[in-house]
Amino acid sequence: MDENTKTGQELYKEHLERLKKAVANEKTDRPPINLNADAFLVQYGGGKVSDLVNDPEYGNDLIIKALQKLGDVDCGGPGAFPAMGGGAFFFARIKLPGRELPDNMIWQIDELRPMTEQDYDVIIDKGFGYYTEQFMKKYFPETEESKKDMEAMMQLGPKVAQKYIDAGYVTLGVSQEGGTPQPGMMCIAGAPFNSLSAARGTGEFLRDIKKMPDKVLEAMNVMHETNLKTLRDTVRTAKPLTVFTGGGREAGDFLSIKDFEKFAWKYFKEAANVVIEEGSYCYLHLDCSWDRFVKYFLELPKNKMVFGPDGTTNIFKAADVLYGHTAFYGDVHPSMMSLGTPDEVYAYCKKLMDRFADKGFIMSTGCAVPSNAKPENVEAVVAAALGK
Amino acid sequence: MTTAFGDIQECIRTLDKEGPGKDVKVLTGGGPVDEATCKYVGADHVCRNAQETVEYSKKYMEVQ
């Protein structure tokens, strides 16, 4: 029976079992395919990126159509709703296609960097939740449009998620029992480093680390305690297969090893351990170059993580250290997806398959599929994973 | 960032045509940028990180 004759329910079961084996670093019949590609897929399905903003249900219908056109892709989930881009996470205004931007432009983050040096004391005395709430009141007062966006997300979210399930698609954050966790049950883990870096701006924040390290650490400890409690409660309730465990600004070239250990890794490791203790797997979504920090993941339990670099970290060198310890996810470079040829993409995917695909491997691109990826390059990723 | 590659290319072409031309070295970088991008946009060098940018610049400017 091929995928064309299977029901959505049969496909869902098959995709879920394959994904579960891959994240547990076990053998699979072939790598599950996960495309983080809403802006690309909505266009591949015949629409515009702004369809995801102006009519999210229609936009997501187009994504499902696009996934079906690509072949037996395993993973797919709802594309971004406008309210999800509210900006709080990045302390930014999010400019949206079809509103502030042209129809086919990808959403843009316009960082506000609202946090001052004095605000560390506000966080220490009153908590990061209080600080964020004040930020939201000042920069994002509720409007008719934001209310409408939020209502649409709450109403449409479960309906749209069910459409993906009915079509046979799973997500990395799928509930361990199958199905999608309810809205509000989204689990994200990481170090406070990223939030503070976004709130202060990278330059100012790195200066703070040198100028007032004790104050920064005190604020981080306050934030971390709250974050860990929320994370544990949410993971325990939602029971997701994997939790998005993100890192970016703490990697790359911004920190010395000593500062990485002190200001980032300590917190990152504790957050990852909470995810693992609660029975989920960490999907390590690692932006920037983690080349210098790969060995640190050996400090976390074996076979409980999926190592997902964005194309910048050398995945093959990382495998020299982590193969057998984590599953792998990746990682066709965004530049290759938008500028390369299908032959180049296919060859790179085969190289990934040769190194990783005997067990615990998820085929994907680095971070996300660019919205201007060549369709034939995305088709090449799928073809390679399917062994065509 | 991949959606900006065309604009970067145009910017570098304008620099070559109307700006100081070959006296200026254009360095490019960032997560989605690699050698292929560098060639496509017409930059002189792709820097994987800030340190590499400094090293390249020192070499070009003949600074020890």
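Hi everyone, let me begin with chain B. In this predicted model, residues 24 or more positions apart account for 38% of the contacts in chain B with a separation of 6 or more. Chain B has 64 residues, and 17% of them count as buried. Its C-alpha atoms fill a box of roughly 35 × 30 × 15 Å along the principal axes. If you trace the chain from the N terminus, the elements come in the order α-β-α-β-α, which gives three helices and two strands.

Now, where does chain B meet chain A? The contact uses 14 residues from chain B and 19 residues from chain A. On the chain B side, the elements that give two or more residues are helix H2 (35-41) and helix H3 (50-61). H2(B) supplies the largest share, three residues. By type, the chain B side of the contact divides into six nonpolar, six polar and two charged residues.

Let's go to the inside of the structure. The largest nonpolar core has 114 residues, and among the members that touch the most others are Ala189(A), Cys282(A), Val306(A) and Phe307(A). Which helix gives the most to this core? That is helix H11 of chain A, residues 257-277, with nine residues. There is also a second, separate core of six residues, and that one includes Phe5(B), Cys38(B), Val41(B) and Ala43(B).

Please keep an eye on Cys282(A), since we will meet this residue again. Leaving out residues up to four places away in sequence, Cys282(A) touches Ala189(A), Thr242(A), Val243(A), Thr245(A), Ala272(A), Val275(A), Ile276(A), Lys304(A) and Met305(A).

That last name takes us to strand S6 of chain A, residues 305-309. Is this strand largely enclosed or open? Five of its five residues are buried, so S6(A) is largely enclosed by the rest of the structure. Here is a rule to remember: in a regular strand, side chains alternate between the two faces of the sheet. You can follow that here, with Met305(A), Phe307(A) and Pro309(A) pointing one way from S6(A), while Val306(A) and Gly308(A) point the other way. Residues in both of these sets are buried.

What about the strands that pair with S6(A)? Strand S5 of chain A, residues 281-286, runs parallel to S6(A), and five bridges join the two. Here is Cys282(A) again: its bridge partner in S6(A) is Met305(A). S6(A) also pairs in the parallel sense with strand S7 of chain A, residues 327-332, over two bridges. In that pairing, Val306(A) has Ala327(A) in S7(A) as its bridge partner. To get from S6(A) to S7(A), the chain passes through helix H12 of chain A, residues 315-322, and this β-α-β crossover is right-handed.

Next, a helix to look at: H1 of chain A, residues 8-23. From its first C-alpha to its last, this helix of 16 residues reaches 22 Å, close to the 22 Å expected at 1.5 Å a residue. Which of its residues are buried? They are Tyr12(A), His15(A), Leu16(A), Arg18(A), Leu19(A), Ala22(A) and Val23(A). An α-helix has 3.6 residues a turn, so residues three or four places apart point the same way. Try reading the list of buried residues again with that in mind. The buried residues of H1(A) pack against H7, strand S4 (242-247), S5, S6, S7 and strand S8 (361-365) of chain A.

Just after that helix there is a backbone detail. Most residues other than glycine have a negative phi. H1(A) is followed by Asn25(A), whose phi is positive, near 65 degrees. Asn25(A) sits in the loop between H1 and helix H2 (38-44) of chain A, and with 21 C-beta neighbours inside 10 Å it counts as buried.

Arg113(A) is another non-glycine residue with a positive phi, about 45 degrees. You will find Arg113(A) in the loop between strand S2 (108-111) and helix H5 (119-126) of chain A. Arg113(A) has 16 C-beta neighbours inside 10 Å, so this residue counts as partly exposed.

Let me finish with Glu177(A), in the loop between helix H7 (144-166) and strand S3 (188-189) of chain A. Why does Glu177(A) count as exposed? Because there are 8 C-beta neighbours inside 10 Å, and the cut-off for exposed is 12 or fewer. The C-alpha atoms of Glu177(A) and Ser146(A) are separated by 33 Å, with their positions 31 residues apart along the chain. Thanks for listening!

How values were computed. Residues numbered from 1 in each chain as written. Chains lettered and ligands numbered in written order. Predicted model: local features only at pLDDT ≥ 70, side-chain atom pairs only at ≥ 80, totals over all residues. Core = buried A, V, L, I, M, F, W, Y, C linked by C-beta atoms within 7 Å. Buried ≥ 20, exposed ≤ 12 C-beta atoms within 10 Å, placed from the backbone. Helix = DSSP H or I, 4+ residues; strand = E, 2+ residues; numbered from the N terminus. Contact = placed C-beta atoms within 7 Å. Pairing = 2+ DSSP bridges. Right-handed = clockwise from strand over helix to strand, strands pointing away. Nonpolar A, V, L, I, M, F, W, Y, C, P; charged D, E, K, R; others polar. Expected span 1.5 Å × (residues − 1).
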